[in-house]
Amino acid sequence: MSIEFILLTIIGLSAYSFYISKKKAAAISAINGAEIHSQPNYHGMYAAFLTISPALVLLIVWSFIEDTIITMRLRDYFSDITEPSIANFYIEGVINFVDDVNSKAMDHVNFFTATEYYKSTMHLNLLLKSIVLVMLTIIALRYSFKLISADFKARDLFEDVVIKVMNIASIFAIFITIGIVLSLLFETLRFFESVPVQDFLFGTHWSPQMSIREDQVGSSGSFGAVPVFTGTILISIIAMSVAGPIGLFSAIYLSQYASNRVRSFAKPIIEVLAGIPTVVYGFFAVITVGPFFREMGIFFDIEGFSSESALIAGSVLGIMIIPFIASLTDDALSAVPRSLKEGSLAMGATLSETTTRVIIPASFHGIVGSFLLAFSRAIGETMIVVMAAGFAANLTANPFDAVTTVTVQIVGLLTGDQEFDSAKTLSAFALAFVLFFLTLILNVISLSIVKKYREQYE
Amino acid sequence: MNNILSRNNAEKRFKVYGFLAVSTAIVLLGILLFKIFSTGISAFNQSYIGVKIEINNSINSSEIDPRTELRQQLRNMFPELTTRAEKRTLYSLFSTGATYEFEDLLKANEGKTINGYYYFLASDDVDMYVKGTVKREGDSAGRLMSGQLKILDQFEEQNLVELHINKYLLAGADSREPEMAGIKGAIYGTFYAILIAFITSFPLGVLTAIYLEKLAKKNRLSDIIETNINNLAAVPSIVFGLLGLAIFLNFFDLPRSAPLVGGLTLGLMTLPTIVIAARSAIKSVPPSIEEAAIGLGSSKVQTIFNFTLPLAMPGILTGTIIGIAQAIGETAPLLMIGMVAFVVDIPGGPMDPATALPVQIYLWADSPERAFVERTSAAIMVLLIFLFLLNITAVYLRKKLEKKW
């Protein structure tokens, strides 16, 4: 008998509950005609809900409690070990030994008595759990069956349940944000216990690898994130200077000049650029754009042209965000009332004059909003920079130099095996925290600009 | 007069700028696709070398060691190669996969005799030379040395070097040997992860959208939820990866590298997209239909589930497919939860360690062997074609099912 079996039994009982309750309601309705308040189906569904929910709630609570109790009990067997983390290690060993055939016994006097205890307790626990859960389900089934009568408002009650479920679902989105903030915040605070905040935010030397050595912990300067931030901003600015003009002029051309046929053909093609996975852009940067720029570097005799230069990553990133700018700016331009445009044209202005002097000023907020959104995309983009930019943190504004970005560092610090407590891994969370807030602020500003501007013309 | 002329010229210039911008974007897309497809297409073929196999006793495959027997057969073909170094050069033209293929051949001919030419998988260096990816320079070609080339020339003189369909690429799991590496394991990993992502995000997203659009009172909470969802849609994907790492791996102790965790993380990431798409689909259902339903005595919940939702479904599905397509191409969050391990087995379920297709692309793009370049492109081709089909389905759904009111 396993937990899956108990679950199946409970679900089966609940289905049975649906069936008999529906039948009972149908029988009542057959006697009383149209007098019954809810249709048999609603009686069935509400009864099924009543049957299953107490057992599910108890199952969740039980699972939480049993873990805590078992760990506490097992702790007694290893009471000679004072260090809690080592004792936990042994406790885990006991649990693994019983649950997993492949794991090996550990060297401790009480190890096998502990495994025996764990085995028998878990066995008893499972037995007890199945009996209690099934009994509870049966009681709930009988109760829900008894509730059914001609004027029992099953539909209203069931609909309340449905609405509650939807309410909880919508609140879940808030939990995601809270989860992000908390998980980043806790690790970031732990990071700042070993590295002072000002060193992180204003230090100009970034080399997290150094702190692995014991004697290096706390050595000042190795977690100075300024080069990482400047690298991110340099690459994003390069990307924006590629995507900005192309995106803006594409949007102007498509919304003001292009015939409907050209528009219906060109717009989807530009949007295809947005659908291509970023890892593909990264590979494109490595096999095509990189070699191309290197040859240009040799041709123009540029000194110190790095193969991981900011220019390569930035320009490919720029290609990726063209469609964001193009489509958001297009929306902004199209939202300008026709009357403004036609008025200007009627006064004898050419279309380009109308665009630059009437339409763009009128939609300026929207355009700024779209640029900000694209900029936040560029900052948060990971794969292109991971593949095309380097890990070396140089504090430079030279686009031909190799720079690194926040996302590259996070990937570099958190992939591969490492213990979770070192300042090195924790620094990734601090970087992510900064990244999250930076993009959040950019998004909030741009969304509110776009919204405000949209309301202006509605 | 002059003024008008220059204004008209400015107008023309402006139009040309716009046209150039659009064409640049299209040309860049063209270059990208062309580069990927022209590099990747050759990976669907693979070099095979013909070996004369002659076994005159009836075969008992359990008694024959395929590795030594294949080498024996090779030596029989080239009796003039006598030194150890020369023999080793001969063997090095073949992939380790050749041994497995020979083993299969023996099993297929159990109890019979073999006499004839059979083709075996060549090593990646030979493969690149045969396809012309590396050219002969002096007496070597790429990593092929003069001794290897000499023997290869003899094979080529007898027309024994052929390109066959690459059966490893689509049907094999990952391997350190480029010629044997395949994306089947990664495709399975992606499949499980996306399945989990869909199961978590679709119901949650649709329920949220219904609640916000139809049931929520306009109050502070619904405002917070709304801005919150809009902002979540713009949170960098790598942050979701860190969320997955902190919550699913560290807090809930779920296994690393498992598609289950990848799927949950991608599901959280897709949720805002689905909510936003579902809301606009629900919004576009005309209120007259709902009012008619309510007028005939439907309750609010009945109206939603019997009328609004079915009518909004095409729009919701379109948005979901687009969200899922995004999730399929997403790499960064999967790196965070450890789906970057080198996995040789094909995962049997969402709890087994696995990679996903985009992660496989990243891993191959990162590996030093040059033979992986064309395979990376080929994997990208598979990914892009699949995404293209998904998007076509979305457009089709929208065209076919969506009603214009």
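Confidence in chain A of this predicted model peaks in helix α7 (residues 226-257), with a mean pLDDT of 92. It is lowest in helix α3 (residues 84-99) of chain A, where the mean is 75. Across chain A the mean pLDDT is 84, and 93% of the residues reach 70 or more. One stretch of chain A falls below 50: residues 216-221. Even so, the model gives that stretch 10 contacts beyond near neighbours in sequence.

Stay with α7(A). The helix has 32 residues. From first C-alpha to last, α7(A) reaches 44 Å, close to the 46 Å expected at 1.5 Å a residue. Where does α7(A) bend? The bend is at Ala243(A), by about 30°. A proline, Pro245(A), follows within four residues. Burial is the other feature of this helix. Of the 32 residues of α7(A), 24 are buried, so the helix is largely enclosed by the rest of the structure.

Now step back to the domains of chain A. The assignment gives domain 1 as residues 3-152 and domain 2 as residues 226-456. The centres of these two domains of chain A, taken over C-alpha atoms, are separated by 51 Å.

Helix α5 of chain A covers residues 154-194, and Gly179(A) lies in it. Is Gly179(A) buried, partly exposed or exposed? It counts as partly exposed, because it has 18 C-beta neighbours inside 10 Å, while a buried residue needs 20 or more. Setting aside neighbours within four places in sequence, Gly179(A) is in contact with Leu243(B) and Ile247(B). Val358(A) is another matter. Its C-alpha is 45 Å from that of Gly179(A), and the two residues are 179 apart in sequence.

Those contacts of Gly179(A) with Leu243(B) and Ile247(B) lead to the contact between the chains. Chain A puts in 70 residues and chain B puts in 64. Which element gives the most to the side of chain B that touches chain A? Helix α1 (residues 2-40) of chain B does, with 18 residues. By class, the residues on that side of chain B divide into 46 nonpolar, 14 polar and four charged.

Chain B is also divided in two. Domain 1 of chain B spans residues 44-165, and domain 2 of chain B spans 184-401. Their centres, over C-alpha atoms, are 47 Å apart. The contact between them takes five residues from domain 1 of chain B and five from domain 2 of chain B. On the domain 1 side, two of these residues are nonpolar, one is polar and two are charged.

Helix α5 of chain B (residues 124-131) is mostly covered, with seven of its eight residues buried. The buried residues are Asp124(B), Asp125(B), Val126(B), Asp127(B), Met128(B), Tyr129(B) and Val130(B). What covers them? The cover includes strands β1 (45-55), β4 (140-141) and β5 of chain B, together with helices α6 and α16 (371-401) of chain B. Just after α5(B) comes Gly132(B), which takes a positive phi of about 85°.

Positive phi also turns up in chain B at residues other than glycine. Asn159(B) has a phi near 55°. It is found in the loop between α6 (146-157) and β5 (161-165) of chain B. Ser257(B) has a phi near 65°. Its place is the loop between α10 (237-251) and α11 (259-283) of chain B. Which of the two settings is buried and which is exposed? Asn159(B) counts as exposed because it has 9 C-beta neighbours inside 10 Å. Ser257(B) has 20 such neighbours, so it counts as buried.

Finish in helix α11 of chain B, where Ile276(B) is placed. Ile276(B) has 19 C-beta neighbours inside 10 Å and therefore counts as partly exposed. Not counting residues up to four places away in sequence, Ile276(B) touches Ile229(B) and Ala233(B). Gly205(B) is 71 residues from Ile276(B) along the chain, and their C-alpha atoms are separated by 8.5 Å.

Note on methods. Residues are numbered from 1 along each chain as its sequence is written. Chains are lettered from A and ligands numbered from 1 in the order in which they are written. This is a predicted model: local features need pLDDT of at least 70, side-chain atom pairs count only at pLDDT 80 or more; totals for chains, interfaces and linings use all residues. Two residues are in contact if their C-beta atoms, placed from the backbone, lie within 7 Å. Helices (H or I, at least four residues) and strands (E, at least two) are DSSP runs, numbered from the N terminus. Ala, Val, Leu, Ile, Met, Phe, Trp, Tyr, Cys and Pro count as nonpolar, Asp, Glu, Lys and Arg as charged, and the others, Gly among them, as polar. Domain bounds come from an automatic or database domain assignment. pLDDT is the predictor's confidence in each residue, from 0 to 100. The expected span of a helix is 1.5 Å times one less than its number of residues. The bend at a residue is the angle between axes fitted to the seven residues ending there and the seven starting there. A residue is buried if 20 or more other C-beta atoms lie within 10 Å of its own, exposed if 12 or fewer, and partly exposed in between; C-beta atoms are placed from the backbone.
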